[in-house]
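Reader: Could you take me on a close look at one part of this model, the strand that carries the salt bridges and helps line the pocket? I'd like one connected walk through it rather than a list.

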Amino acid sequence: MDNMTTLCNNLDVEGGCITPLQIFPGLKRTELIKLPSLEMCAENIVGEPCDSFVKFPMLEVLRIENCPKLASIPLIPIVSV
């Protein structure tokens, strides 16, 4: 997974979209650990970042470690760290 740059790519979302997408609507916990190339969580079909249009409504725990290139994360509710 050292070369992974995006968690969700090729989303059918264009720049004008204002409705958040629920990619993993039931996800409660996620850990992003030792992903040195990870830059963004989501990108649209033309390769543009679209993290601001993605949300995880049930997420309770988010752990991010050693992801030096990660510049943004999607919309998330209040989580414990």
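Author: Before we start, one term: two residues are in contact here when they have heavy atoms within 4.5 Å of each other. Keep in mind, too, that this is a predicted model.

With that in hand, start at T30, which sits in strand β3. Setting aside neighbours within four places in sequence, T30 is in contact with L59, V61, L62 and R63. The C-alpha atom of T30 is 8.6 Å from that of I64, a residue 34 positions away along the chain. As for cover, T30 has a relative accessibility of 22% and counts as partly exposed, because buried here means under 20%.

Now step along to E31, also in strand β3. What does E31 pair with? One partner is R29, and the closest N and O atoms of that salt bridge are 2.5 Å apart. Another is R63, whose side chain meets that of E31 in a salt bridge at 3.6 Å, N to O. R63 belongs to strand β6, residues 61-65, so its pairing with E31 ties together parts that are 32 residues apart in sequence. Remember that R63 is also on the contact list of T30.

R63 doesn't stop at E31, either. The side chain of R63 meets E65 in a salt bridge too, this time at 2.7 Å, N to O. Put these pairs together and you get a network of salt bridges that links R29, E31, R63 and E65. The count of salt bridges comes to 3. How exposed are the members of this network? E31 has a relative accessible area of 35%, which makes it partly exposed. R63 comes in at 33% and is partly exposed as well, and E65, at 32%, also counts as partly exposed.

Strand β3 has a part in the pocket, too. The largest pocket has a volume of about 160 Å³. Among its 13 lining residues, those closest to the centre are L7, L27, T30, L32 and F56, so here we meet T30 again. Which elements give two or more residues to that lining? They are β1 (6-11) and β3 (29-33). By residue type, the lining divides into 12 nonpolar, 1 polar and no charged. The network residues we just left are of another kind: arginines and glutamates joined by salt bridges.

Finally, zoom out to see where this part belongs. The protein chain has 6 strands and 0 helices, and along the sequence the pattern reads β-β-β-β-β-β. Of its 81 residues, 28% count as buried. Take the contacts in the chain with a separation of 6 or more: residues 24 or more positions apart account for 70% of them. The R63 and E31 pair, 32 residues apart in sequence, shows one such long reach. On the outside, the chain exposes about 5200 Å², with carbon and sulfur atoms supplying 55% of that.

Notes
Residues numbered from 1 in each chain as written. Predicted model: local features only at pLDDT ≥ 70, side-chain atom pairs only at ≥ 80, totals over all residues. Heavy atoms only, no water. 1 Å grid on protein atoms, 1.4 Å probe; cavity = no way out; pocket = protein on both sides within 12 Å on 5 of 7 lines; lining within 4 Å. Points joined across faces, edges and corners; volume = space filled by probe spheres on them. Helix = DSSP H or I, 4+ residues; strand = E, 2+ residues; numbered from the N terminus. Nonpolar A, V, L, I, M, F, W, Y, C, P; charged D, E, K, R; others polar. Buried < 20%, exposed > 50% of the residue type's maximum accessible area, 1.4 Å probe, protein only. Areas by Shrake-Rupley, 256 points an atom, 1.4 Å probe, with all protein chains shown as cover. Salt bridge = Lys/Arg side-chain N within 4 Å of Asp/Glu carboxyl O.
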